[in-house]
Amino acid sequence: MTVEGDTDNDGGDGGERWLQALELLLAEQRFRIERYAEAGSEAPAPPPKAPPGKPSRRPRTAPEPSASALSARELLKAVPLAAVVVRALPDARGAGAEYHCLAHNTAAWEDAGRRFPLVAASASSRPSRPAPPPPTAAASAAPAEGSWGEAVPLFEWFPALAATPVPRLLDAARRTGRPQGPEPAEWPHHAPDGRAVRSRVEVHVAPAGELLLLTWERGEPARARMARAAQQLARVAWAEWDLARGTVEEAGLRALLGLPAPAPLPDLPGLGRMVLPEPREQLYRALHDALLGERDHIDLELRLGPDAHNARVLRFLAEPVRAGSAPVRTVRAVCRDVTADVRARESAERALREARAQRERAEAVAEVAERLREAVLPGFPPELARHGLEAAVVYRPAGHAARVGGDWYKTRVLPTGRVLVALGDARGHGPDAVTLMAKLRYALAGLAFTGESVERLTGWLNLLACDDGEESTATSVIAHYCSDRGLLRWTCAGHPPPLLVRRGGVRFLDPPPEGPGLPLGVLPGTPYTAAETPLRPGDVVLLYSDGLIERRGSDLDRDASRLLRAVRGGTGARIPPGGAALDAFARGLVDALMAPDAEDDATVLAFRRVEPGA
C-alpha cells in the first residue's frame, strides 16, 4: 500500500494520515497471513474406496499406552529441576496445615546438600523418625529418587525455608488449586568452609492432585535478573509483535516507554501514536518495505513525547520474521534510549554551526575593517623628499584574520614648510578600533593645517577621544620635522618611545621634559609637552606600535631590549641609502619580531633625514 500526496508530515493532520495508513497496512498484512493459513490447511483428498468384496485395509496406529500410571519416583526423575513432593496435613488446631516431605529427586538432594542446611539436632531429638543422610553424602554417592521412608516435616528438616515465601506459596496452592510463583527465595546459612553466605533461588509450587510439587531453580533466573538489570542500565529493551494475533512479547519495553504496570503494551499502531507526527512517515514507509520484502531490517530514530523539545529518542532496530515463503508474521525489534546521545550530538552540531557563523562574521568584519584601513591609510606624499625626508611603512595584521587593529599613521607637508609625522594605536580590534583610528587620523590631518604646535594638536586629539566614549582610548607619537633646522619636535601620549639609528648606534629618544603624557581619551585637559631631537643627515627614526614588541607574560624592559637587539642584528645599525633599502630594513625588522600567531597588529614607520631634493 502507498499513500499518495501526503507530503505534509510535520503537522497534526499529516501525522494522523500516516497513522491511518499504518493501521491499514497492518490490517492488510493480517489478511495475507490468514489467506496463507487457509491455503495450507485444506483437507487432503479422502482415500479411495476398496473394491467390492475386498475388505478395506485399516491404517496402522500406534499402540495405546498402558493404563498404569507412572510412579512418583519416575515422575520426579523426569523433572529437570530440583523437586520435592509435599503433602499437606491438617495441624492439631485445624486452622491450617503442616507440610511433610514425601519424596525428592536427585537434583533436589544434591542442591539441598549445598543450599539447605539440615539440622542434626532435630534428628537426634526425634529418634522415632529416621534422619536423612547428611548433605555431604550427595558428594560421594547420589541417593536414589523416592521416599525418605516416612513423611518428614518439611520445616523441621529445612527450618531456613520457614522465613522464605515457600510457606505462603504452599498455602496459596493448597487453597486455590492453582500454581504459585515463581518467586525469589533467600536464606542465610554457612558454607562448608564456615563462611556465612546467602542463597537465592526461584521457587515454584504446583498442585498435583492431593499433593504439592515444590520446585526451585538456580542460576538461570539470576542471569535473567542480571540481563534485566543490564537492560535497564543500558536503556535497552526488546519486543516481538505478532501481526496475526496482535500480541506483544517484551523485555524492558514497558519501562523504556515509561508505561505504568497496568497499561497495555502498544501494538505497532499504538507505538506510532506515541511517536511525534514528523517521524510517523518514516515508521510507515520502513514497515511497508519490510512487510513487502523490500528490506530486511529497519533502523530508525523515533521521537516520543509531548513535543520535539522534550521528546525522548529511541533507536528502533527491527527485522521482519517469516517462515520460508510465508508472509511476515512477526516483527522483532531492539529499542535503545539514545536521548542523551542525540542531545549531545545536536548540541555539538549547534556549536559547530555557531562557530562557523562566528567565523563567517569575523571574516566579514575583517574584510570590512581591512578595506576601511586601506581607504584611510594611503601612501606617502611625493614632496617628502623635497623637504629632506624619505620614509617607509610596514603594517602587519594580527595572526587571527578577524583581529584587525587600530594602528594608524600620517605624514603630510604643511603650509608652514614643516612635515607632520605621526603614528598611533587605537584601543581594541575590529570596526570599533578602525573607526576611532579613522577619526583621530582625519582630525589630525585637518587640525595640523592650523599651524599649531604638536602639544596643542595632541591636546585636541585627547579631547576628541574623550568625547567619543569611555572605551575610546588610543596612544600616539605626533611630531613636526623642520627641514631648515633639522629639528624633530614630538609628543608622546602613552606610546612606546621612538628609536634613533645613527652611524652604528641605536638608542631610544629622550622623553619630553615632563615625561610621556597619558593616553588619548583618558582624562580631558591633560597637558602634553614636546621633546626636541636634532637629526643629522642619515639618521633614521623609527616609530612603531606596541604590537611589534609586546608579548604575553613579558615586561617593557625585556620588550625594549628585544627591539634593540633586532635592530642591531638586522643591519649592524647601518642602513644603506635609498628608499628601497629603508623599506627592506623595516620589513626585515617586522619579520624578525612578529610571530605568525601574534595577538596584535604591528606598524613600523621609518623616516630618514636626507639632503633636501635628493
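Trp-18 has a relative accessibility of 1%, so this residue counts as buried, the limit being under 20%. Keep in mind from the start that the model is predicted. Tyr-284 comes out buried as well, again with a relative accessible area of 1%.

**Two aromatic pairs**

A pair of aromatic rings is described by the distance of the centres and the angle of the planes. The protein has two aromatic pairs. In one of them, Trp-18 meets Tyr-284 with 5.4 Å from centre to centre and 40° between the planes, a tilted arrangement. This pair links distant parts of the chain. Trp-18 belongs to helix α1 (residues 12–40) and Tyr-284 to helix α11 (residues 277–291), with their positions 266 residues apart in sequence.

The other pair is made by Trp-241 and Phe-316, with ring centres 6.2 Å apart. Why does the pair count as tilted? The planes stand at 55°, and tilted covers angles that are neither under 30 degrees nor over 60. Here the partners come from strands: Trp-241 is in strand β7 (residues 236–242) and Phe-316 in strand β10 (residues 312–321), so the pair ties together parts 75 residues apart in sequence. Trp-241 is buried at 2% relative accessible area, and Phe-316 is buried at 1%.

There is also a charge over a ring to look at. The charged end of Arg-441 sits over the ring of Tyr-442, 5.7 Å from the ring centre.

**Strand β10 and its surroundings**

Phe-316 shares strand β10 with Val-313. Is Val-313 buried or exposed? Val-313 is buried, with a relative accessible area of 0%. Leaving aside residues up to four places away in sequence, Val-313 touches a list of residues that includes Glu-301, Leu-302 and Arg-303, as well as Arg-336, Asp-337, Val-338 and Thr-339. Val-342 and Arg-343 are also among the residues that Val-313 touches. Val-275 is 38 residues from Val-313 in sequence, and their C-alpha atoms are 9.4 Å apart.

Arg-336, one of the residues that Val-313 touches, is found in strand β11 (residues 330–337). Arg-336 has a relative accessible area of 37%, which means partly exposed, since that class runs between 20% and 50%. In sequence Arg-336 and Trp-238 are 98 residues apart, while their C-alpha atoms are 8.7 Å apart in space.

**Strand β19**

Glu-532 is placed in strand β19 (residues 531–534). With a relative accessible area of 48%, Glu-532 is partly exposed. Not counting residues up to four places away in sequence, Glu-532 touches Leu-487, Leu-488 and Arg-489. Pro-512 is 20 residues from Glu-532 along the chain, with 7.7 Å between the C-alpha atoms.

Here are the C-alpha separations side by side.

| Residues | Apart in sequence | C-alpha to C-alpha |
|---|---|---|
| Val-313 and Val-275 | 38 residues | 9.4 Å |
| Arg-336 and Trp-238 | 98 residues | 8.7 Å |
| Glu-532 and Pro-512 | 20 residues | 7.7 Å |

**Helix α7 and a cis bond**

Which residues of helix α7 (residues 166–176) are buried? They are Val-166, Pro-167, Leu-169, Leu-170, Ala-172 and Ala-173. An α-helix has 3.6 residues a turn, so residues three or four places apart point the same way. After α7 comes Gly-177, which has a positive phi, near 70°. A little backbone detail for your notes: the peptide bond from Gly-181 to Pro-182 is cis, with omega near 5°. Pro-182 lies in strand β4 (residues 180–190).

**The largest pocket**

Rolling a probe the size of a water molecule over the atoms shows where empty space is left. The largest pocket holds about 640 Å³ of space. It is lined by 33 residues, and those closest to its centre are Asp-546, Gly-547, Ile-549, Glu-550 and Asp-600. Four elements each give two or more residues to this lining: β14 (419–429), β15 (474–482), β16 (487–493) and α15 (556–571). Which element gives the most to the lining? That is β14, with five residues.

**The protein overall**

The protein has 16 helices and 21 strands. Its 614 residues include 42% that count as buried. The accessible surface comes to about 33,100 Å², and carbon and sulfur atoms account for 54% of this area. Of the contacts between residues at least 6 apart in sequence, 65% join residues at least 24 apart.

Methods. Residues are numbered from 1 along each chain as its sequence is written. This is a predicted model: local features need pLDDT of at least 70, side-chain atom pairs count only at pLDDT 80 or more; totals for chains, interfaces and linings use all residues. Side-chain values use heavy atoms; hydrogens and water are left out. Buried means under 20% relative accessible area, exposed over 50%, partly exposed in between (1.4 Å probe, protein chains only). Contact means heavy atoms within 4.5 Å. Accessible areas come from the Shrake-Rupley method with a 1.4 Å probe; for residues, only the protein chains shown count as cover. Rings of Phe, Tyr and Trp (its six-membered ring) pair if their centres lie within 6.5 Å; planes under 30 degrees apart count as stacked, over 60 as edge-to-face and the rest as tilted. A charge sits over a ring if NZ of Lys or CZ of Arg is within 6 Å of the ring centre and within 35 degrees of the ring normal. On a 1 Å grid over the protein atoms alone, a cavity is a set of points where a 1.4 Å probe fits but cannot get out, and a pocket is an open set with protein on both sides within 12 Å along at least five of seven lines; lining residues have an atom within 4 Å of a point. Grid points are joined across faces, edges and corners, and a volume is the space filled by probe spheres set on the points.
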